[in-house]
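Here is a short round of questions and answers to read alongside the sequence and the 3D view. Shall we take a look together?

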There are 2 protein chains.
Amino acid sequence: MAALRSDAARSRERILDVARREDPSDLRFNHIAREAGVGVGTVYRHFPTAHALTEALAAETLSAMVTISRDAAAESDDATALRAFVGAALQLQLENGGLQAVLLSPDDEDSSVREMKREIFATFTTVLDRARRSGVVRPDLSVEQIEHLICGMEHAVRLGSPEHRGTFLDVLMAGLRA
Amino acid sequence: MAALRSDAARSRERILDVARREDPSDLRFNHIAREAGVGVGTVYRHFPTAHALTEALAAETLSAMVTISRDAAAESDDATALRAFVGAALQLQLENGGLQAVLLSPDDEDSSVREMKREIFATFTTVLDRARRSGVVRPDLSVEQIEHLICGMEHAVRLGSPEHRGTFLDVLMAGLRA
DNA sequence: CGTTAAACGGATACTTCATCCGCTTCACGA
DNA sequence: TCGTGAAGCGGATGAAGTATCCGTTTAACG
């Protein structure tokens, strides 16, 4: 990432500040531009596509997820580690509405996003392997399938009240058991 | 529903035939009109909103769901009845991409849709009550929460391959258990 | 300061949506 | 069979939103 000119850096931050408050699944570039006090062209130059903007918004949540996933992996009890990981993923996906799309997207435009995703999936693979070996999870579920199940739970929570998160996480964890 | 004039009935069927083949979450009226060989105005007259069209498409699936839910309720084993109901709901929602929206919508434009939904939810309430009484399901889950969980599973299956439906249904049913 | 490349803004052309109304077709009674 | 009016049809059209392009402005640096 070449150093940004000061005005460019300012524009970028203004745009991100506004975009954070918008519905991640319905980013309107013209509207964001007006709110941010910049021209539409400026928004499109910084973020050529809606997905590029979603990725930029996801970057900080993703960085938190890296930390949390390391912590989960450090947990000594295999079942607890799995629950910590899945619970954190669900929580963060609920907090950042664009995260699901970024996690599921096969090709990332931003290379730091790609690297963080790689680490998260690698860590999860380790945690899941441990859980499988100690027999606390169905052996036929893949990392990908569990990610999809987490996205499904995110969707379910969004349909109702956020306070159902705990219950739905319990349902998922019980369902994952061998 | 006042009797339709013959040309109106023909237009309606043509529109529904085309719409059935489209992505239910992205119904483009102009496109449907062109494909169906009718004017855009005709599409809008028959279906004032995308939701009205989605409802019409959901009607036949909903009618199948009424039958299946009665069958499930007739099942003597409480746990089996619950699984039959949830499994059928998941299956039908996967077959008809617009069904989720219609089931979740609080106000239906079509009265027959409203009536079918009423019966389905009433039947499910009975099935769930039985399951609760015989202790085969967590007592703290409401009909609404379970519907949301089914929608979540639908989402999860759609993210991957349809062949994961069975596995994901198993995960959900295991998670629902007390 | 002067220079230049980077960044900016917003007019504009383009796409898609949904309405409205003059024309056509159907149903029905004579 | 035909006349009549209500119902239905079509697509031109204005509104709304998207993404690009290029003349102007601004930052960075010697």
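Q: Of the atoms of DNA strand D within 4 Å of the protein, what percentage belong to sugar or phosphate?
A: Atoms of DNA strand D that lie within 4 Å of the protein are split between bases on one side and sugar or phosphate on the other. The sugar or phosphate share is 64%.

A word on the source: this is a predicted model, in which local features need pLDDT of at least 70 and side-chain atom pairs count only at pLDDT 80 or more, while totals for chains, interfaces and linings use all residues. Residues are numbered from 1 along each chain as its sequence is written, chains are lettered from A and ligands numbered from 1 in the order in which they are written, and side-chain values use heavy atoms, with hydrogens and water left out.

Q: Which helix supplies the largest share of the surface near DNA strand D?
A: A residue is near a strand if one of its heavy atoms lies within 4 Å of it. Helices are DSSP runs (H or I, at least four residues), numbered from the N terminus. Helix 1 and helix 3 of chain A and of chain B each give at least two residues to this surface. The largest share, five residues, comes from helix 3 of chain B.

Q: Which residue of chain B has a polar side-chain atom 2.9 Å from a base nitrogen of DNA strand D?
A: Polar contacts here are pairs of N or O atoms within 3.5 Å. A backbone atom of Asp7(B) lies 3.2 Å from a phosphate oxygen of DNA strand D, but the base nitrogen at 2.9 Å is paired with a side-chain atom of Arg5(B).

Q: How far is a phosphate oxygen of DNA strand C from an N or O atom in the side chain of Arg45(A)?
A: Arg45(A) is among the residues that come nearest to DNA strand C, as is Arg5(A). Arg5(A) places a polar side-chain atom 2.8 Å from a base nitrogen of that strand. For the side chain of Arg45(A) and the phosphate oxygen, the distance is 2.6 Å.

Q: What turn lays chain A on chain B?
A: The copies are superposed by least squares on the C-alpha atoms of residues with pLDDT of at least 70 in both. The fit has an RMSD of 0.1 Å, with a shift of 0.1 Å along the axis and a turn of 180°. That is the relation of a two-fold axis.

Q: How many of the 17 residues of helix 8 of chain A are buried?
A: Buried means under 20% relative accessible area (1.4 Å probe, protein chains only). Helix 8 of chain A is largely enclosed by the rest of the structure, because its buried residues number 13 of the 17.

Definitions and conventions:
Polar contact = N/O pair within 3.5 Å; in protein donor to acceptor, adjacent residues only side chain to side chain. Buried < 20%, exposed > 50% of the residue type's maximum accessible area, 1.4 Å probe, protein only.
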